[in-house]
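Below are some comments on individual sites in this model, set out as numbered points for your consideration.

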Amino acid sequence: MTLTYKNILLNLSYYSVAILVLPWGLLSLETEWGFPRDPSPSLHYAAIILGTVGFALQLWCIILFQRFGEGTPSPLFPPRKLVTMGPYRFVRNPMNVGELMVLVSLAGWFGSRALLAYALIAWLAFHIFIVLLEEPRHLKRFGDEYGQYKATVNRWIPKLRGISELRRV
């Protein structure tokens, strides 16, 4: 199976669960238990913009991982090369940022507190996974290159000063 097919299969499987099945289940429970939802037209507009940007950001990251990292975002087929271009110049985890944007957009679209809680729990799970597993793996795999990248680029929130420093790397 080629890398492209692995990438498509892994991402379709993951996003089917994370963006479709789990949110649908939470919305169903929220309705069944009688929790109010209040989607407003302004929330719909904001959700469309946020969700589109989040989806585009994730797609960009997937493409970068395959083309330049020679791998996928999944730990099953990790990149062979460290990717520090595109959105990775600004934050170390733009893929997760994009997914959180999509999850928050779903919460806004449906006016759902349960989906907003899901987005917060997803962020916490991402953070724990990244700190405990992903970053140590990257340090082992990419060594000083990752160490320098980690020192220059924040995990979640861009630091403008670091962007010009990274361009010199």
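1. E70 counts as partly exposed, because its relative accessibility of 32% lies between the limits of 20% for buried and 50% for exposed residues. Please keep in mind throughout that the model is a predicted one, and that the values quoted in these points are to be read accordingly.

2. The backbone at E70 also deserves a look, since phi is near 55 degrees there, a positive value in a residue other than glycine. As to its setting, E70 belongs to the loop between α2 (41-67) and α3 (94-110).

3. Within helix α2 one finds W60, and with a relative accessible area of 45% this tryptophan is partly exposed. Which residues does W60 touch, once those up to four places away in sequence are not counted? The contacts of W60 are then with G86 and P87; for the pair W60 and P87, a separation of 27 residues in sequence goes with a C-alpha to C-alpha distance of 8.2 Å in space.

4. A nonpolar patch on the surface is formed by W123, L124, I128, F129, V131, L132 and L133, which together have about 590 Å² of accessible area. One of its members, I128, is located in helix α4, which spans residues 113-142.

5. For I128 the relative accessible area is 41%, so the residue is classed as partly exposed; that value also satisfies the requirement of over 30% relative accessible area that applies to patch residues, in keeping with the listing of I128 in the nonpolar patch.

Terms used: Residues numbered from 1 in each chain as written. Predicted model: local features only at pLDDT ≥ 70, side-chain atom pairs only at ≥ 80, totals over all residues. Heavy atoms only, no water. Patch = residues over 30% accessible without salt bridge, like charges linked within 9 Å, V, L, I, M, F, W, Y side chains within 5 Å. Areas by Shrake-Rupley, 256 points an atom, 1.4 Å probe, with all protein chains shown as cover. Salt bridge = Lys/Arg side-chain N within 4 Å of Asp/Glu carboxyl O. Helix = DSSP H or I, 4+ residues; strand = E, 2+ residues; numbered from the N terminus. Buried < 20%, exposed > 50% of the residue type's maximum accessible area, 1.4 Å probe, protein only. Contact = heavy atoms within 4.5 Å.
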